[in-house]
Amino acid sequence: MSERPALIRQHGDTAPPALLAEWAVDRGIEIEVQRTDVAAIPDPDLRGRPFVASLGSKYSPADREVPAVAAELSLIERAVTEEVPVLGLCYGAQVLAAVLGGRIEAAPEPELGWHRIDSRVPQDVPEGPWLQWHYLRFTLPPGAEELARSPRALQAFASGPHLAVQFHPESTVEIVQGWARKDRERLTDLGVTDGESLAADGRGYAAAARTAAFTLFDAFRRRAHHAERSDP
């Protein structure tokens, strides 16, 4: 069986694959984007997929009573069991961490806007600045390899063919500004009066961040390449 499209799981209209999709087109990788938030969708067949990517969401993996969250946990667990490489981005990273035995907990402070990270493998996970927008964090799952962190949270880990990052390499300034508008009330409670500027003030980083995102996605692809599977 020939290779099927990579599966990208999009969990809301304001969290598209953006730079991840651009990278896939640039690298000649066919993708299928599934919207988990618009309707009940059939359980996807993972056979022959080069990888599965799970994007950001307003939910937490702890929200198991939400059908879409329960379905994502089940899908990522199945991908791990079937050795289909998983790329987890923010919420997707938290789902992967939870499936692998890590904990999801409140971050001491949210990371909002542009942040640098300390990377053990900057050739694969560049140090940024990266766009971030999260209030939770994950712990390192048993047996996983820590790749990067910040003072507030673990930022990246690898486990076999799988890669999880807490930041948003796939997102753009405009996307994150949309999240700031949605989070206006929550930001006000945190004393943030202009959430949109947290993204816009770093617009000068955007070109370098796109290059860094492609570097990160290429590193994941190399890791995933060794685990690609096709039907017999």
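Reader: What share of the contacts in the protein with a separation of 6 or more comes from residues 24 or more positions apart?

Author: Residues at least 24 positions apart supply 71% of those contacts. A contact here means heavy atoms within 4.5 Å. Before we go on, this is a predicted model, where local features need pLDDT of at least 70, side-chain atom pairs count only at pLDDT 80 or more, and totals for chains, interfaces and linings use all residues. Residues are numbered from 1 along each chain as its sequence is written, and side-chain values use heavy atoms, with hydrogens and water left out.

Reader: How many helices and strands does the protein have?

Author: There are 7 helices and 10 strands. Both are DSSP runs numbered from the N terminus: H or I over at least four residues for a helix, E over at least two for a strand.

Reader: What makes the protein as compact as a globular protein of that length?

Author: Its radius of gyration, taken over C-alpha atoms, is 17 Å. The globule rule, 2.2 Å times the number of residues to the power 0.38, gives 17 Å for 232 residues, and the two values are close, so the protein counts as that compact. Along the principal axes, the C-alpha trace spans about 55 × 40 × 30 Å.

Reader: What percentage of the residues of the protein count as buried?

Author: That's 53% of the 232 residues. To earn the word, a residue needs under 20% relative accessible area; over 50% is exposed and anything in between is partly exposed (1.4 Å probe, protein chains only).

Reader: Why is helix α3 called mostly covered?

Author: Count its residues against that cut-off: 7 of the 9 in α3 (residues 91-99) are buried. They are Y91, G92, A93, Q94, V95, L96 and A97. After α3 comes G101, with a positive phi near 105°.

Reader: Which residues are buried in helix α1?

Author: In α1 (residues 19-26), you'll find L19, L20, A21, W23 and A24 buried. These residues pack against β1 (6-10), β2 (31-35), β3 (52-54), β4 (86-89) and α7 (206-225). Just after α1, G28 has a positive phi of about 70°.

Reader: How do you know that strand β9 is mostly covered?

Author: In β9 (residues 154-159), 6 of the 6 residues are buried.

Reader: And which way do β8 and β9 run, parallel or antiparallel?

Author: They run antiparallel, with 4 bridges joining β8 (residues 145-149) to β9. Two strands pair if DSSP finds at least two bridges between them, so β8 and β9 qualify with 4. A148 stands opposite A156 in β9, and the two strands form a hairpin with 4 residues between them.

Reader: How many bridges pair β9 with β10?

Author: Again 4, in the antiparallel sense, with β10 covering residues 162-165. S159 has H162 in β10 as its bridge partner. This hairpin has 2 residues between the strands, and G160 takes a positive phi near 60° there.

Reader: What is the order of the strands in the open sheet?

Author: The sheet of 8 strands goes β2-β1-β3-β4-β10-β9-β8-β6, with mixed pairing. One parallel pair is β3 and β4, joined by 3 bridges, where S54 stands opposite G88 in β4.

Reader: Why is one side of β2 and of β6 left without a neighbour in the sheet?

Author: β2 and β6 (118-119) stand at the edges and each has a single partner strand, so one side of each has no neighbour in the sheet.
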